[in-house]
Each structure stands twice: as structure tokens, then as C-alpha cells.
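Here is a short, friendly walk through the model below. Have a look at the sequence and the 3D view, then read on.

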There are 2 protein chains.
Amino acid sequence: MKERTRKLEESNAELKNTQITLQESLKKIQKDEEGGKKLQDKLLPPDVVEIGEYELSHFLMPSMYLSGDFVDYFQIDDRYICFYLADVSGHGVSSAFVTIMLKSYIDNLYKNKNKDIFLSPKKIMEDLNKEFLMDSIGKYLTILLGIIDKKENKILYSNAGQFPDPIFCTEKKCEFLTKNSPPIGLFDFSKYDEYEMDCNEDFFFIVFSDGILEIAPGDSMETKQNWLKNLVGEEGFDINTLIMESGLENTTHLPDDVTFLFINKRSEDE
Amino acid sequence: MKERTRKLEESNAELKNTQITLQESLKKIQKDEEGGKKLQDKLLPPDVVEIGEYELSHFLMPSMYLSGDFVDYFQIDDRYICFYLADVSGHGVSSAFVTIMLKSYIDNLYKNKNKDIFLSPKKIMEDLNKEFLMDSIGKYLTILLGIIDKKENKILYSNAGQFPDPIFCTEKKCEFLTKNSPPIGLFDFSKYDEYEMDCNEDFFFIVFSDGILEIAPGDSMETKQNWLKNLVGEEGFDINTLIMESGLENTTHLPDDVTFLFINKRSEDE
């Protein structure tokens with residue numbers, strides 16, 4: 001019996017040591033990834049930005065430290081505002097890398113005032129697709145990118161595979177925008193389309209990453225999408241309502257990154 | 001005694017379970033970071049590139065999965081070749097993010113044929129410095145960037161804090177290039193200089209990241225740098241000799257990322 005106790009004590013001590021070593025390794029990596037998360041957070045736009053009658057806001061909750069989702073919006077000049085929500089295949093470090101490549105790409109595009117391309121979402125998609133195929137990084141991404149024209153009160157957008165379909169609501173009705181092109185970085189023959197939305201009336205417009213579908217109630221895609229539409233269609237809707245109603249407020253672990261991009265136009269004379 | 005054995009057995013079982021959970025978490029994160037490493041590797045240039053009389057090669061060994069060092073070289077057009085070696089403060093995920101921002105920035109610069117800037121290392125440095133201060137990502141980097149002019153046989157380079165000093169050797173002599181400007185992303189008032197190297201004679205030129213100093217023998221910086229110069233100054237030198245002689249070949253764990261960029265010019269009529 002004594003022998004057995006001695007062996008158990010030894011094994012116990014050994015296990016405790018291994019546990020400490022493992023915990024230290026884990027802590028080191030986690031600290032490193034937290035640093036990465038902080039940097040990624042700094043690349044996101046402010047939570048809420050108001051430009052004239054337009055208010056742009058977002059919510060982003062990664063499933064690991066780092067996110068494969070990305071969202072951005074910024075003023076191009078006095079007349080135009082650019083916005084996008086992107087979802088890179090997979091999640092974690094390698095997907096986060098691709099979000100950074102994407103942001104750098106789009107930032108540089110606008111900085112270099114590449115006039116040919118910078119007011120055409122369709123052309124940006126075509127260029128991005130070439131870029132991602134060329135780098136052969138084995139990743140693809142879905143992205144919805146739009147340009148708000150404040151003067152003409154319209155939005156020109158292109159949707160490269162971003163799903164679920166975004167929702168556009170005026171006071172009269174809420175509808176899914178179902179027009180879609182292929183994801184970026186999959187095929188060299190992909191064609192991209194752009195569509196116009198009339199923004200003369202007040203509206204709100206919401207884009208989701210597909211992580212929301214994993215936590216949406218219902219078995220079928222249709223049920224899940226309709227749940228979203230019902231949520232969004234409610235009177236007095238805002239992004240916080242969506243976070244609360246979807247249960248995200250109290251969620252600590254997600255199966256996939258969840259992101260919303262929310263655009264709201266309110267006439268100033270209201 | 002029986003009670004003690006029972007408790008030990010319980011504690012043992014519990015410890016084993018914790019160990020399994022910890023190992024699984026660690027494995028998951030490591031697998032994720034390995035994916036990140038693969039992506040980062042894909043962004044590096046080929047090990048060796050020959051362009052006319054010039055041969056460019058590199059070696060990069062990260063201290064963690066991901067590297068805060070980065071190296072690249074590519075042909076701008078028939079006449080010019082661009083090369084750089086950069087070292088982002090820290091290492092791991094967040095530093096790796098910055099290397100990706102840097103590569104995207106420089107790639108876009110050349111793609112957009114920003115004529116004003118793309119043949120002046122000094123101007124690239126000034127622009128990069130503004131960029132990194134603007135993003136306020138709390139990271140800085142050192143970088144040596146040069147442009148080889150094949151027609152005029154000269155190299156124009158700028159060194160933003162890259163240390164140890166790079167070494168330039170012709171058949172007659174080996175010397176440290178000690179001219180240096182401040183790192184990128186630290187001060188908005190930083191000024192950058194550029195210098196010319198005459199490449200009419202055959203030469204080799206080697207740039208290091210500071211990780212090499214951690215493993216170089218000797219106590220003082222001077223001893224360490226001289227050890228490097230002696231290694232590099234040897235006849236018939238190539239990058240593999242450096243890897244072997246510095247002991248990197250048999251190293252499994254490094255205190256910091258170690259990178260070399262090696263340029264060799266051999267006249268074709270030799």
C-alpha cells in the first residue's frame with residue numbers, strides 16, 4: 001500500500017508540473033493573440049460615425065481572439081462614403097491576416113485616388129478577385145461593398161457572396177437584397193455586378209456576416225433569415241436591439257465570428 | 001491510509017483531465033497559428049531569384065510560429081529591382097500583422113506606379129512613417145529598403161534603423177554601411193536619407209535582422225558585429241555558409257526572429 005501511495009504522490013507531482021508548463025505555454029500564446037486582437041481592433045472604424053444625414057455603425061464579436069470578419073466605413077470626400085463588411089473563410093490567425101490585407105488594399109486604393117476604380121464597387125471586386133487569386137494564399141472571402149452618394153441620395157453596391165442577404169428597410173417596407181455575385185478569390189472567371197439603391201426616403205440598411213445564422217433560431221435557412229428580417233423590421237430598431245434580441249449580449253462563446261454593419265438615414269428636418 | 005490513497009487517486013484523475021483539456025486548447029491554437037505561418041510564408045519571395053547579373057536570396061527563421069521580420073524582393077520593371085528587410089518591434093501575432101500591412105503597402109505602391117515615390121527609398125520611408133503614425137497601432141519597425149538600377153549599376157537605399165549595420169563586400173574589401181535614419185512609426189519629425197552604392201564591380205551585400213545579435217558570440221555589440229563581418233568576409237561566401245557557421249542550422253528555439261537578405265552580383269563574362 002505504501003508503495004502505491006508513493007507512486008501516486010510522484011505521479012501527482014509530475015502531473016502538477018506538466019499542468020503548470022502547459023498553462024504557461026497557453027498563457028504566453030493567449031497574451032500574444034490578445035496583442036493581435038488589440039491591433040486588429042485598432043484597424044476597425046469608430047463604433048458609430050455620423051456623416052450628414054447618414055449614421056454608420058457596427059458590431060463585431062470574434063469566435064476566437066482574432067476575427068476573420070472585418071468591417072469598415074469612411075468618408076472618401078464631401079460627397080461619397082465607402083462602407084464594407086467582409087468575411088474571410090475560416091477564422092483565427094490566418095483569416096485575420098487576410099482581413100488586414102483587405103483593409104490595406106482598400107485603404108491604398110482610396111489614398112491613391114485611383115479614379116477609374118474608386119467609385120465603382122464592381123471594379124473594386126474585379127480587382128480584389130485578381131489580387132487574391134494572384135497571391136494564391138488559399139483563402140477566399142465574401143464581401144459587400146457600397147458607395148453612398150450623398151448628393152444624389154443613392155447607394156451603389158456590389159455583393160460578392162455575402163450571406164445572409166442584407167436587409168433594406170424604409171418606412172413602407174423591409175426587403176432582402178438578394179442580388180449576389182461570387183465570393184472573392186475562388187475563380188478567375190468570376191463576374192461582378194453592381195446595383196443601385198434609392199436613398200431619397202429615410203431608411204436603414206443592415207449587412208450581416210454568416211456567423212449570425214449559427215445562433216439564429218430555426219432549422220432552415222429560410223426560417224433563420226425570416227427571424228432576422230422580423231427582428232430588423234421592428235419599429236424603432238437599432239443595432240443594440242439586434243444584439244440584445246439575438247442573445248449575443250449574454251453569449252461568451254460563438255461557433256463563428258458575428259458582425260453587423262448598420263446604416264441609417266434620417267432626414268434632418270424630421 | 002486508505003483515505004489518503006483514495007484522495008490521491010481522485011486528484012490524479014482530475015489532473016489528467018485538466019491536462020487533456022489544456023493540451024487540446026494548446027493544440028487548437030497551435031494549429032491555428034500554423035495556418036497563419038503558412039499564409040505568412042506564402043507572402044515571402046522565392047528563396048532565390050536571379051535577375052540578370054543579380055541574385056537575391058533570403059533566410060527567415062521565426063522565434064514563434066509567426067514572424068515580426070519580413071523580407072521581399074521583386075522586379076519593378078526591366079531596369080529596377082526593389083528589395084527590403086524589415087523588423088517589427090516585438091514578435092508573434094501582432095508583429096506579424098504589421099509585416100502584412102507593410103507588404104500590402106509596398107505592393108500597392110508599385111502596382112499603382114506612384115512615379116513620384118517609387119524610385120526613391122527616402123520618399124517611401126517618409127510615407128511609411130506617416131502611415132504608421134496615422135494608424136496609431138502602437139508598433140514601430142526598422143527597415144532597409146533599396147532599389148537596384150541595373151542599367152546604371154547602382155543601388156539607392158535608405159536604412160530606417162535596421163541594425164546590425166549591413167555589410168557590403170567587393171573583391172577588395174568588406175565594409176559596414178553605417179549610415180542610418182530613425183525607425184518607422186516612432187516620431188512624426190523623423191527625416192530619412194538615401195545613399196548610393198556603386199555596383200560596377202562584383203559584390204555581395206547582406207542585411208540582417210537584429211535577432212542574429214542574440215545568438216552571435218561575444219559580449220559587446222562590436223565583437224558581435226565583427227564576428228558577422230568576419231563570417232561574411234570569407235572567400236566563397238554564401239547564405240548557407242552563414243546559416244551553418246552561425247549555428248542556426250541546428251537551433252530549434254530562438255530568442256528573436258532571425259532574417260538575412262543577401263544580394264550577389266556576378267558579372268556574366270566571368
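Which residue stands opposite Tyr195(A) in S9(A)? It is Tyr157(A) that stands opposite Tyr195(A). To see where this pair belongs, let us start with how the model is read and then build up the sheet.

This is a predicted model, in which local features need pLDDT of at least 70 and side-chain atom pairs count only at pLDDT 80 or more, while totals for chains, interfaces and linings use all residues. Residues are numbered from 1 along each chain as its sequence is written, chains are lettered from A and ligands numbered from 1 in the order in which they are written, and side-chain values use heavy atoms, with hydrogens and water left out.

**Chain A overall**

Chain A holds 7 helices and 11 strands; these are DSSP runs numbered from the N terminus, with helices being H or I of at least four residues and strands E of at least two. The C-alpha trace of chain A spans about 85 × 45 × 35 Å along its principal axes. Of the 270 residues in chain A, 56% are buried, where buried means under 20% relative accessible area, exposed over 50% and partly exposed in between, with a 1.4 Å probe and protein chains only. Among contacts in chain A with a separation of 6 or more, 70% come from residues 24 or more positions apart; contact means heavy atoms within 4.5 Å.

**The five-stranded sheet**

An open sheet of 5 strands in chain A follows the order S3-S4-S5-S6-S9, with antiparallel pairing. Two strands pair if DSSP finds at least two bridges between them. The edges are S3 (69–75) and S9 (195–198) of chain A, each of which pairs on one side only. On average, neighbouring strands of this sheet are turned by 15 degrees against each other, direction ignored. Such angles run from 0 to 180 degrees between N-to-C directions, and axes are lines fitted to C-alpha atoms, for helices over the stretch in contact.

Three of the pairings can be set side by side:

| Strand pair | Sense | Bridges |
|---|---|---|
| S4(A) and S5(A) | antiparallel | 9 bridges |
| S5(A) and S6(A) | antiparallel | 7 bridges |
| S6(A) and S9(A) | antiparallel | 4 bridges |

S5(A) is a good place to linger: 9 of its 9 residues are buried. On one side these are Leu141(A), Ile143(A), Leu145(A), Ile147(A) and Asp149(A), and on the other Thr142(A), Leu144(A), Gly146(A) and Ile148(A). Leu145(A) has Tyr84(A) standing opposite and Ser158(A) in S6(A) as a bridge partner. For Leu144(A), the bridge partner in S6(A) is Asn159(A). The hairpin of S5(A) and S6(A) has 4 residues between the strands, and there Asn153(A) takes a positive phi near 50 degrees.

At the edge, S9(A) shows an alternating pattern: Tyr195(A) and Met197(A) are buried and point to one face, whereas Glu196(A) and Asp198(A) point to the other and are not buried.

**Helices on the sheet**

Helix H2 (residues 93–111) of chain A lies across S3, S4 and S5 of chain A, running at about 160 degrees to S4(A). Helix H4 (residues 121–135) of chain A also packs on the sheet; H4 touches S5 and S6 of chain A, and its direction makes about 150 degrees with that of S5(A).

**Where the two chains meet**

Chain A superposes on chain B through a rotation of 180 degrees with 0.0 Å of shift along its axis, at an RMSD of 0.1 Å. That is the relation of a two-fold axis. The superposition is by least squares on the C-alpha atoms of residues with pLDDT of at least 70 in both copies. The copies meet through the same surface, because 100% of the interface residues of chain A are also interface residues in chain B.

H2(A) takes part in a contact between the chains: with helix H1 (residues 2–42) of chain B, H2(A) packs at an angle of about 40 degrees, the axes being 7 Å apart. H2(A) is therefore oblique to H1(B); under 35 degrees counts as roughly parallel, over 145 as roughly antiparallel, 65 to 115 as roughly perpendicular and the rest as oblique. H2(A) contributes Val93(A), Ser94(A), Phe97(A), Val98(A) and Met101(A), while the H1(B) residues include Asp32(B), Glu33(B) and Leu39(B).
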